[in-house]
Amino acid sequence: MSGALREPWRSLRRQREAAAFGTWIFLGGEAMLFAGLILAFAVMRALHPAGFILAGRETEVALGTANTAILLTSSLTMAVAAEAARAELRRATLWGMGLTLALGAAFLAVKGFEWSSDLEKHLFPGDGFALAEPSAQIFFALYWIMTSLHAMHMLGGMTVVAWLGWQAWRRARPLRSPAFEAAALYWHLVDIVWIVLYPLLYLGGRAP
Amino acid sequence: MNHITPAIPAPDAIPHEEPSYLTAERGIGSWLLTTDHKRIALLYMAALTAFFFIGGAGAVAIRLELFTPKADVLTADGYNRMFTLHGTVMIWFFLVPSIPTTLGNFLIPLMVGARDLAFPRLNLLSWYLFIFAGAVLIYALVAGGVDTGWTFYTPFSTTFSNGYVLLAGLAIILAGFSSIATGVNFLATIHLLRAPGMGWFRLPLFAWAIYGTSLVMVLATPVLTAVLLLVIAERGFGLPVFDPSRGGDPLLFQHLFWFYSHPAVYIMILPSFGVISEIVTCFSRRNVFGYDFMVYAILWIAIAGFLVWGHHMFVSGQSIYASLAFSFLSFVIAVPSAIKVFNWTFTLYRGQITFEAPMLYAVGFIGLFTIGGLTGLFLASIPIDVHVSDTYYVVGHFHFIMVGGAVSAFYGGLSFWWPKITGRKYPMTWARFAAILMFFGFGFTFFPMFIMGYLGMPRRYQVYPEEFQVWHVMSSAGAVLLAGAYLLPMGYLAWSVFWGEKAEDDPWNATGLEWSTSSPPPRDNFRTPPEVDEGPYFYHPEGEGPGHDHGDPHRDQVRTP
């Protein structure tokens with residue numbers, strides 16, 4: 001079985017190490033991307049505490065919490081899939097990836113309902129915005145930017161998981177390929193970003 | 001005593017009947033779908049040449065307009081669009097990718113003794129991303145251009161500008177993806193694909209420089225992506241973040257933008273440090289002075305580069321305490337740069353110097369970079385910066401670093417490794433002439449900017465008082481020489497590909513793994529996987545000066561098992 005080994009590598013162990021290493025470096029970059037946005041959020045929150053507390057109470061906390069649970073579970077199934085692939089357990093790998101995809105789709109579906117409810121409540125910044133406080137618009141500007149960027153990352157991750165799952169299903173990619181672990185690492189990052197976004201966007205301002 | 005060993009033919013030298021990477025496959029598809037790092041380097045070279053001409057056209061328009069104090073070539077808006085074109089293209093589509101994607105792509109696997117980069121297909125993908133980004137940018141420029149300057153300052157860029165800011169921002173984000181992919185690839189290659197025996201402190205300084213650059217690329221570029229996304233969201237979707245009339249903070253934009261764009265200066269200049277180190281040591285026949293400190297200086301610059309962004313904002317109204325801290329840190333980061341300049345000088349000291357064309361570029365670099373760096377210290381001092389902020393003094397300073405530094409080093413590196421890349425030699429007299437012409441053309445173009453800047457000539461103005469005309473005429477005249485010096489190598493290098501004399505494997509008697517394989521290298525770089533048991537530089541025995549009676553390396557580096 002040398003199908004997993006690619007140029008320019010001479011050993012699969014080394015190649016696996018490189019895939020993980022490269023992914024970690026890339027995730028460091030991804031962390032900086034969201035860090036820039038979170039910094040912007042922190043600065044704006046410090047400048048306009050009242051508006052941010054007011055606006056924070058308007059987000060759909062039930063849907064956000066449900067999504068947090070869904071996404072954390074999907075990280076579990078993804079971790080199972082990656083470990084199963086490493087151990088060359090085909091059924092467990094396919095099940096894990098299938099569940100991950102389903103949970104990812106569920107997350108996006110819930111997100112979609114949440115966004116449409118936000119739009120109905122006039123929570124998109126601009127004329128006719130629901131809240132009188134001008135800085136509440138800044139909170140929602142960052143809310144829309146960060147949640148949609150996160151959703152785009154979800155879509156990217158789901159594309160990768162679907163592609164790898166399809167290849168594993170058709171036996172076109174050996175399970176020992178390092179790609180499964182790399183995809184799992186990326187999926188966990190998207191999860192971790194959400195773990196930071198959740199308290200910022202849904203829990204702020206809700207303390208009695 | 002000097003023990004003279006004749007140069008041993010490199011064990012990897014293969015008979016020239018065996019195909020090189022250039023002849024291994026034929027047809028346009030074998031280039032556009034290649035995963036060979038050497039071919040991708042040439043693809044990048046072609047793309048970068050095109051962008052160099054586009055960015056250069058912007059410079060021509062600017063210098064032509066500034067020849068007289070009145071507006072006579074361009075409208076005011078047209079002038080803004082031209083300097084924006086010049087800045088965006090030259091920074092993101094020429095200087096940032098220049099040395100890493102061409103020389104870096106070609107040389108890193110050769111220098112570490114690998115068959116290819118760690119992720120060859122990602123390497124090709126990053127080229128396509130770059131080309132796509134370039135196409136988007138060119139569309140934005142042709143459709144009407146951008147008038148914000150390359151810095152996209154808010155609220156002008158988000159609210160008032162009439163240009164194609166959204167498309168230009170998108171293009172720069174895409175180019176950033178390409179940059180990040182390249183950086184990840186280099187880091188993984190240098191970490192995990194070094195040949196047996198190639199310890200960290202046996203890496204050539206060029207590889208270290210690319211390592212430092214890649215770190216900055218991967219960690220800084222995403223912040224630019226973030227801030228451009230915020231600009232796009234505000235301009236395209238009306239989501240307020242920076243607009244002060246809706247409670248936003250325009251200074252936040254500057255902080256985030258310069259958090260990338262100051263480290264980006266080091267993305268542009270660090271690779272040059274690597275190139276210059278390789279050239280200086282080879283043509284003075286002397287081992288690099290203070291190799292360890294050169295490495296530490298590269299890492300110091302890469303890390304401290306993240307801590308000085310506020311010196312771009314001394315007149316923005318930021319806290320004076322922040323300004324003091326940023327001023328201090330800007331002096332701190334001058335130290336490793338000075339270490340490098342001193343170490344190059346000490347490498348030259350008592351060396352057996354010959355002035356081949358690459359060496360002329362390198363010596364010119366050291367002088368111009370020193371002036372650029374010292375004027376940077378003036379700008380890091382708050383009282384002087386307040387006086388010369390947004391004047392031609394600043395323009396002069398960063399062109400000394402970017403053009404006198406990075407572009408000189410690019411041309412120097414190209415002429416140094418050209419025989420390895422193409423297997424051909426170019427006419428040395430022409431090359432020497434071009435290198436000297438570049439130095440003088442550069443001086444005439446950019447030195448007057450310090451004087452007129454100090455006297456108060458603001459940057460980005462098309463119309464100016466007549467007292468400045470003498471300096472602008474000098475600068476525009478110098479730019480003609482400089483353009484000639486840039487075009488000449490394109491001519492004789494192209495000539496050499498067809499009619500140049502065949503190059504030996506190691507035409508400069510240089511040391512380092514890349515010189516131990518054939519010129520041009522075979523598809524897999526080395527016929528037998530190299531093993532390394534020495535550092536990269538061995539022009540003379542340890543603890544002795546260079547031999548003044550011979551120019552050969554004192555011992556061969558590669559031993560085949």
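A helix, as the word is used on this tour, is a DSSP run of H or I at least four residues long, numbered from the N terminus. With that in mind, select B:Val184, which is found in helix α7 of chain B, and remember throughout that the model on the screen is a predicted one.

**First stop: B:Val184**

With B:Val184 displayed, look at what surrounds the residue: leaving aside neighbours within four places in sequence, its contacts are A:Gly22, A:Ile25 and A:Phe26 from chain A, together with B:Phe119 and B:Val218 from chain B. Is B:Val184 buried or exposed? Its relative accessibility is 5%, and because buried means under 20%, B:Val184 counts as buried. If you then draw a distance from its C-alpha atom to that of B:Gly372, 188 residues apart along the chain, the viewer should give 30 Å.

**Second stop: the cavities**

Rolling a probe the size of a water molecule over the atoms shows where empty space is left. In this structure there are three cavities of 30 Å³ or more, and the largest cavity has a volume of about 130 Å³. To find the largest cavity, select B:Trp92, B:Val96, B:Pro97, B:Ala175 and B:Ser179, which are the residues nearest its centre among the 16 that line it. The elements that give two or more residues to this lining are α7 (165–192) and α8 (205–237) of chain B, and α7(B) gives the most, with six residues. Helix α7 is also where B:Val184 of the first stop is found.

**Third stop: chain A**

Now colour chain A on its own and follow its six helices, with zero strands, which read along the sequence as α-α-α-α-α-α. The C-alpha trace of chain A spans about 65 × 30 × 30 Å along its principal axes, and buried residues make up 51% of its 208 residues. Among the contacts in chain A between residues at least 6 apart in sequence, 80% join residues at least 24 apart. If you turn on a surface, chain A exposes about 9400 Å², of which carbon and sulfur atoms supply 68%. Colouring by charge brings up 17 positive and 14 negative charges in chain A, whose mean positions are 14 Å apart.

**Fourth stop: B:Arg39**

Return to chain B and select B:Arg39 in helix α2 (residues 37–65). At 2% relative accessibility, this arginine counts as buried. Beyond its neighbours within four places in sequence, B:Arg39 is in contact with several residues, including B:Tyr21, B:Glu25, B:Ser30, B:Trp31 and B:Thr34. The C-alpha atom of B:Tyr486, 447 residues apart from B:Arg39 along the chain, is separated from that of B:Arg39 by 23 Å.

**Last stop: backbone details**

Most residues other than glycine have a negative phi, and most peptide bonds are trans. Where in chain B should you look for B:Phe152? Go to the loop between α5 and α6, where B:Phe152 has a positive phi near 50 degrees and is buried, with a relative accessible area of 1%. That loop also holds B:Pro155, which a cis peptide bond joins to B:Thr154, with omega about 0 degrees.

A second cis peptide bond to select joins B:Ser519 and B:Pro520, with omega about -10 degrees, and B:Pro520 is found in the segment after α16 (469–499). Finish at B:Asp390, in the loop between α13 (382–388) and α14 (392–422) of chain B, where phi is positive at about 60 degrees and the residue, at 46% relative accessibility, counts as partly exposed.

Methods: Residues are numbered from 1 along each chain as its sequence is written. Chains are lettered from A and ligands numbered from 1 in the order in which they are written. This is a predicted model: local features need pLDDT of at least 70, side-chain atom pairs count only at pLDDT 80 or more; totals for chains, interfaces and linings use all residues. Side-chain values use heavy atoms; hydrogens and water are left out. Buried means under 20% relative accessible area, exposed over 50%, partly exposed in between (1.4 Å probe, protein chains only). Contact means heavy atoms within 4.5 Å. Accessible areas come from the Shrake-Rupley method with a 1.4 Å probe; for residues, only the protein chains shown count as cover. Lys and Arg count as positive and Asp and Glu as negative; His and the chain ends are not counted. The place of a charge is taken as NZ of Lys, CZ of Arg, CG of Asp or CD of Glu. On a 1 Å grid over the protein atoms alone, a cavity is a set of points where a 1.4 Å probe fits but cannot get out, and a pocket is an open set with protein on both sides within 12 Å along at least five of seven lines; lining residues have an atom within 4 Å of a point. Grid points are joined across faces, edges and corners, and a volume is the space filled by probe spheres set on the points.
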